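Here is a small set of exercises to work through with the model open beside you. Try each task before you read its solution.

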Amino acid sequence: MTAVTPPRQHEKYNRLIAAAKNVPPLATAVAHPCDETSLRGALEAAEAGLIIPILVGPKGKVEGVARTFSLDLGHAEIIDAPHSHAAAEKAVELVRTGKAELLMKGSLHTDELLAEVVKRETGIRTGRRISHVFVMDVPGHPHTLFITDAAVNIAPDLDAKRDIIQNAIDLFAGLGLGVPKVAILSAVETVTTSIPSTIEAAALCKMGDRGQITGGELDGPLAFDNAISPEAARIKGIKSPVAGQAQILVVPNLEAGNMLAKNLSFLSHADAAGIVLGARVPIILTSRADNVMTRMASCAVAMLFRQSQIAKQPVQV
């Protein structure tokens, strides 16, 4: 018997996309959109008024993909680049020189694009660590959940985690969502030397107290259940403004984050928009498995956050 996936309403993503349509679209350098998924995603986001795509890649190949899958390139600018490495380099250059306000991954490997982003002389790095945030629309859960970092930093140390948290807080605030409740996850909610992530969680909370992390309410260590379930927090006697109400979930490492996000996607039928932060501009990082709504939400989140950076004030969602 085939399992039937319940229909989705996408209430949280619909709000993000609607808000994005209320502000002007931004020029977006799309690096190597040379398969159906990446090219279609960029063109559909453009049709929805979310971005103005600048397609960077082998011109003949981009046009061939469009013909094969009956995709209308419309007035999209195509900048010819012979291969994926050159496309990544040129797309980053467009951002660095101010010709594009967003960067979007096409059909090249994430590492190839980010390698160009972080180059000291020609990249678009800042003093902040690059990190990834999943912006998740989970059916039945009242909050949009931000999960970080599940895609870029494999085993971040304390300093990297500080930047990972600050990036996520800045995104949350930039979207006009207010002051986030940040749960630093581990397997348990008590500090113990046998689980190093609990010690780091406690240190990160103290960094928040001392102003080394700003703009959010931090608590940790917290296990996943008492981070998102008020009942679980109550049963375990955890008194905290974050426990049971967390909006940003900070995972110990990439493996834990990747498993958490994919569990929510495949077992709870959640959608997971993806964005990379810490560079001069947001980077739209989508997966081949993403549906149309998730791709649109990724573009909307990046566009709204970039608009808030330009205006130096939150964009209300």
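**Exercise 1. The cavity**

Which residues line the largest cavity? Bear in mind that you are working on a predicted model.

*Solution.*
Step 1. Begin with the count: the structure holds one cavity of 30 Å³ or more. The space in the largest cavity comes to about 30 Å³.

Step 2. Collect the lining: Lys161, Ile184, Leu185, Ser197, Glu200, Ala201, Val250, Val251 and Pro252 line the largest cavity.

Step 3. Assign the lining to secondary structure. Strand 7 (181-185) and helix 7 (196-209) each supply at least two residues of it, and helix 7 gives the most, with three residues.

Step 4. Sort the lining of the largest cavity by class: six residues are nonpolar, one is polar and two are charged.

**Exercise 2. The pocket**

Find the largest pocket and describe its lining by position, by element and by class.

*Solution.*
Step 1. The largest pocket has a volume of about 1000 Å³. Its lining has 39 residues, and the closest to the pocket centre are Phe134, Thr286, Ser287, Arg288 and Asp290.

Step 2. Now look at the elements. At least two lining residues come from each of helix 2, helix 5 (110-117), strand 5 (131-137), helix 10 (254-267), strand 10 (271-277) and helix 11 (292-311). Helix 10 provides the largest share, five residues.

Step 3. Finish with the classes: the lining of the largest pocket holds 17 polar, 13 nonpolar and nine charged residues.

**Exercise 3. Three strands and two crossovers**

Trace the chain from strand 1 to strand 3, and work out how the strands pair and which hand each crossover has.

*Solution.*
Step 1. Take strand 1 (residues 26-31) together with strand 2. These two pair in the parallel sense over six bridges. To set the register, use Leu26, whose bridge partner in strand 2 is Ile51.

Step 2. Follow the connection. Strand 1, helix 2 (residues 36-47) and strand 2 form a β-α-β unit, and the unit is right-handed.

Step 3. Go on to strand 3 (residues 77-80), which pairs with strand 2 in the parallel sense over four bridges. Here the register can be read from Ile54, whose bridge partner in strand 3 is Glu77.

Step 4. Follow the second connection: strand 2, helix 3 (residues 59-68) and strand 3 also make a right-handed β-α-β unit.

Step 5. Return to strand 2 (residues 51-57), which takes part in both pairings. Is strand 2 mostly covered or mostly open? Strand 2 is mostly covered, with six of its seven residues buried. In general, side chains in a regular strand alternate between the two faces of the sheet.

**Exercise 4. A buried aspartate**

What does the side chain of Asp137 make a polar contact with?

*Solution.*
Step 1. Place the residue: Asp137 belongs to strand 5.

Step 2. Check its exposure. The relative accessible area of Asp137 is 0%, so this residue is buried.

Step 3. Look for partners. The Asp137 side chain makes a polar contact with the side chain of Lys12, at 3.4 Å. The side chain of Asp137 also reaches the backbone nitrogen of Tyr13, at 3.4 Å.

**Exercise 5. Unusual backbone geometry**

Examine two peptide bonds and two residues with positive phi, and say where each is found.

*Solution.*
Step 1. Start with omega. The peptide bond from Thr148 to Asp149 is cis, with omega near -5 degrees. Asp149 sits in the loop between strand 6 (145-148) and helix 6 (158-174).

Step 2. Gly220 and Pro221 are likewise joined by a cis peptide bond, with omega about 5 degrees. Pro221 is part of strand 8 (residues 217-222).

Step 3. Turn to phi. His32 is not a glycine, yet its phi is positive, about 60 degrees. His32 lies in the loop between strand 1 and helix 2.

Step 4. Ser70 is another non-glycine residue with a positive phi, near 55 degrees. Ser70 is found in the loop between helix 3 and strand 3.

Step 5. Is His32 buried or exposed? The relative accessible area of His32 is 8%, which is under the 20% cut-off, so His32 is buried. For Ser70 the relative accessibility is 66%, over the 50% cut-off, so Ser70 counts as exposed.

Methods
Residues are numbered from 1 along each chain as its sequence is written. This is a predicted model: local features need pLDDT of at least 70, side-chain atom pairs count only at pLDDT 80 or more; totals for chains, interfaces and linings use all residues. Side-chain values use heavy atoms; hydrogens and water are left out. Buried means under 20% relative accessible area, exposed over 50%, partly exposed in between (1.4 Å probe, protein chains only). Two strands pair if DSSP finds at least two bridges between them. A crossover is right-handed if, with the strands pointing away from the viewer, the path from the first strand over the helix to the second runs clockwise. On a 1 Å grid over the protein atoms alone, a cavity is a set of points where a 1.4 Å probe fits but cannot get out, and a pocket is an open set with protein on both sides within 12 Å along at least five of seven lines; lining residues have an atom within 4 Å of a point. Grid points are joined across faces, edges and corners, and a volume is the space filled by probe spheres set on the points. Ala, Val, Leu, Ile, Met, Phe, Trp, Tyr, Cys and Pro count as nonpolar, Asp, Glu, Lys and Arg as charged, and the others, Gly among them, as polar. A polar contact is a pair of N or O atoms within 3.5 Å; within protein, one must be able to donate a hydrogen and the other to accept it, and residues adjacent in sequence count only if both atoms are side-chain atoms.
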